[in-house]
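I opened this notebook page to record a few look-ups in one structure, going through the cysteines, a serine and the nonpolar interior in turn.

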Amino acid sequence: MLENVILQRIQSSRDDVSCYQFGFKKGHSTGLCTYMVKQTVEYYTLGGSHVFLCFVDFTKAFDKVNYWKLFRMLLNDSLDLYCIKLLVFWYSNQMACVRWRNSISSAFHIGNGTKQGGILSPYLFTYYVRDIISSMVNCGVGCYVGEYCMNLFAYADDMVLLAPAWSAMQKMLNILKTVCNKYDIAINTQKTVCMVVNPKCSSKSLCESFPQFVLDQKLEFVTSFKYLGHVLMNNMSDNADIEREMRNMFARCHMLISRYKYCSLSVKCVLFRTYCLCMYNVSLWKNFTTTGLSKMKSCYHKCIKKFFGFARMDSMSQILIMLRLPSFDTVLHNARISFHKQCHVTSNCLIHYLLLLSDVSM
């Protein structure tokens with residue numbers, strides 16, 4: 001209750017870069033963040049340009065928040081002074097101990113980091129990295145769609161940089177390193193990777209390979225990357241993500257079979273709707289082969305027959321009618337409609353601009 005009260009009193013009215021941060025915000029999701037990345041890449045590749053992406057990994061980002069720099073930032077925004085004083089006292093006097101079986105260590109002082117599970121922690125972290133995002137957005141390089149800068153998208157500490165030129169990406173990485181050093185945030189160069197997406201028209205491609213980017217050390221180029229749970233390919237194909245969802249559905253189905261095989265039909269229907277109809281980010285599937293989607297549809301049908309005990313040759317249409325379950329096409333359609341509604345009700349101006357741009361192009 002105390003943290004809720006403090007949160008209401010210290011929330012800043014500054015929103016200059018809030019549209020680039022999708023984490024811990026009402027009306028935002030991982031799907032929206034991934035959608036922005038994919039749409040920006042598509043905008044440039046359709047226009048005949050390369051797009052360079054860098055997926056930045058921070059080393060224990062939540063644990064390395066410097067209290068005093070954070071409180072100084074809060075004071076500079078002229079927020080509630082009494083609440084900031086309370087936070088200063090609270091965080092500077094934190095003590096912790098380690099429990100191992102029946103043994104408890106002596107208490108020690110915690111000098112940095114946000115509390116795990118705290119109501120204030122998500123807001124304080126996004127507030128702490130706000131200036132990092134602002135520095136990158138205002139650097140003047142990277143991807144632009146119309147008048148809007150689209151060179152960075154973040155979901156909490158999961159950050160991706162986008163640039164249409166190799167030199168622009170290297171300049172952004174240099175700026176990021178300088179700003180992160182200022183705020184005591186370390187970049188994990190072992191897990192930070194890059195990707196290059198070629199233009200849709202192969203004749204406009206400059207070359208097949210590019211020099212590695214340097215951030216303390218050379219960064220690896222990858223052909224695919226799992227960003228916020230969604231598999232992104234360097235050709236922007238969704239076939240790899242469809243395969244990911246197939247594996248997840250088979251895993252969830254086998255879990256249900258092993259635990260709830262002998263439950264009643266009504267209970268099984270509730271369980272299947274709960275665990276197998278919640279397909280992750282399927283609304284973002286746009287570029288895929290007919291074979292890839294057919295395999296996903298077949299996976300959906302196999303899971304239904306296995307879990308409910310039907311034979312392989314039984315009519316799928318009759319099974320769906322009897323169980324009152326939606327077809328795969330209906331699930332996919334409903335997911336797209338739901339995501340489209342989410343895009344329109346969100347307060348993010350960047351999403352609204354891309355939606356408007358796509359409507360105009362259509």
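My entries on these topics follow.

Entry on the model. I am working from a predicted model, and I read every value below as computed from it.

Entry on cysteines. I began by asking how many disulfides a search of the whole structure finds. The search returned zero disulfides. I then looked at Cys139, which is in no disulfide and has the sulfur of Cys149 as its nearest cysteine sulfur, 6.6 Å away. Cys149 is likewise in no disulfide, its nearest cysteine sulfur being that of Cys139. Because a disulfide needs two cysteine sulfur atoms within 2.5 Å, I did not count this pair, whose sulfurs lie 6.6 Å apart. I also checked whether Cys149 is buried or exposed, and I noted it as buried because its relative accessibility is 6%.

Entry on Ser167. I located Ser167 in helix α7, which covers residues 166–182, and I recorded this serine as exposed because its relative accessibility is 52%. For a distance across the chain I took Ser167 and Ser18, which are 149 residues apart in sequence and have their C-alpha atoms separated by 27 Å.

Entry on the nonpolar cores. Which residues of the largest nonpolar core touch the most other members? In this core of 88 residues, they are Phe153 and Leu161. Leaving out residues up to four places away in sequence, I listed the contacts of Leu161, among them Phe52, Leu53, Val56, Met136, Met169, Met172 and Leu176; Asn151 and Cys54 are also touched by Leu161. I noted as well a second, separate core of 30 residues, including Met246, Met249, Leu256 and Tyr300.

Note on methods. Residues are numbered from 1 along each chain as its sequence is written. This is a predicted model: local features need pLDDT of at least 70, side-chain atom pairs count only at pLDDT 80 or more; totals for chains, interfaces and linings use all residues. Side-chain values use heavy atoms; hydrogens and water are left out. Buried means under 20% relative accessible area, exposed over 50%, partly exposed in between (1.4 Å probe, protein chains only). Helices (H or I, at least four residues) and strands (E, at least two) are DSSP runs, numbered from the N terminus. A nonpolar core is a set of buried Ala, Val, Leu, Ile, Met, Phe, Trp, Tyr and Cys residues joined through side-chain atoms within 4.5 Å. Contact means heavy atoms within 4.5 Å.
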